[in-house]
Amino acid sequence: MGWWLLACCALVFVMIVLGGATRLTQSGLSMVEWRPVTGWLPPLDEAQWQATFEQYQHYPEFHARNADMDLAGFKSIFWLEYLHRLWGRIIGLVFLLPFLYFAFARGLERPLALRLGGLFVIGAMQGLMGWVMVMS
């Protein structure tokens with residue numbers, strides 16, 4: 001269990017670095033849809049890239065910061081935001097699946113299970129705040 005929690009801490013550290021890079025490069029909000037379950041695939045062909053870029057062009061972020069951006073520039077900011085969101089999903093799975101295993105197969109003591117469950121809820125709320133940012 002200790003190795004699992006240390007791995008989760010390392011994943012969170014990488015997420016902080018990714019979030020900082022996303023913020024500093026102003027790559028955030030390049031993905032205008034928030035699909036937590038089905039949104040893990042990036043655009044796979046030029047038509048999908050163009051459609052995704054056109055969606056971005058309808059958002060205030062494009063007009064305020066990137067009105068002169070072309071598709072190549074959009075791809076460069078998209079990938080960092082995509083990696084940031086994908087990493088969040090990975091953290092959720094790396095935390096939740098072992099947590100469920102330890103809770104049911106090994107029988108975590110109730111106080112520890114409640115604390116770890118609370119950590120999962122806090123992590124999920126970070127995702128919720130990301131959704132609020134995209135929708136606003």
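Let's start with Glu61, which you'll find in helix α3. Keep in mind as you look around that this is a predicted model. Is Glu61 buried or exposed? Its relative accessibility is 16%, and anything under 20% is called buried, so Glu61 counts as buried. Who are its contacts? If you skip residues up to four places away in sequence, Glu61 touches Gln26, Gly28, Leu29, Tyr56 and Asn66.

One of those contacts, Tyr56, takes us to helix α2, which covers residues 46–56. Tyr56 is buried in this helix, and so are Trp49, Thr52 and Phe53. Now imagine looking straight down the axis of α2. Where do the buried residues sit? They fall within an arc of 100 degrees, so they line one face of the helix. Among the things covering these buried residues are α3 (60–65) and α4.

So what is α4 doing elsewhere? This helix runs over residues 71–104, and its axis comes within 10 Å of the axis of helix α1 (residues 2–24). The two cross at roughly 165 degrees. An angle over 145 degrees counts as roughly antiparallel, and α1 and α4 are therefore roughly antiparallel to each other. Their crossing is left-handed. On the α1 side, the residues making the contact include Trp4, Leu5, Cys8, Leu11 and Met15. On the α4 side, they include Leu80, Glu81, His84, Trp87 and Ile91. What kinds of residues meet here? Sort the contact of α1 with α4 by class and you get 18 nonpolar, four polar and one charged.

Helix α4 has another partner to show you: helix α5, residues 110–135. Here the axes are 11 Å apart, and the helices pack at an angle of about 160 degrees. The cut-off of 145 degrees applies again, so α4 and α5 are roughly antiparallel to each other too. The crossing of α4 past α5 is left-handed. From α4, the contact is made by Arg85, Gly92, Phe95, Leu96 and Phe99. From α5, it is made by Ala113, Leu116, Gly117, Leu119, Phe120 and Val134. By class, that gives eight nonpolar, two polar and one charged residues.

Try finding Phe95 and Phe99 of α4 in the structure. Both take part in the contact with α1, and both also turn up in the contact with α5.

Definitions and conventions. Residues numbered from 1 in each chain as written. Predicted model: local features only at pLDDT ≥ 70, side-chain atom pairs only at ≥ 80, totals over all residues. Heavy atoms only, no water. Axes fitted to C-alpha atoms, helices over the stretch in contact; angles between N-to-C directions. Helix = DSSP H or I, 4+ residues; strand = E, 2+ residues; numbered from the N terminus. Parallel < 35°, antiparallel > 145°, perpendicular 65-115°, else oblique. Left-handed = near helix turned anticlockwise from the far one by under 90°. Contact = heavy atoms within 4.5 Å. Nonpolar A, V, L, I, M, F, W, Y, C, P; charged D, E, K, R; others polar. Buried < 20%, exposed > 50% of the residue type's maximum accessible area, 1.4 Å probe, protein only. Arc of directions from axis to C-beta.
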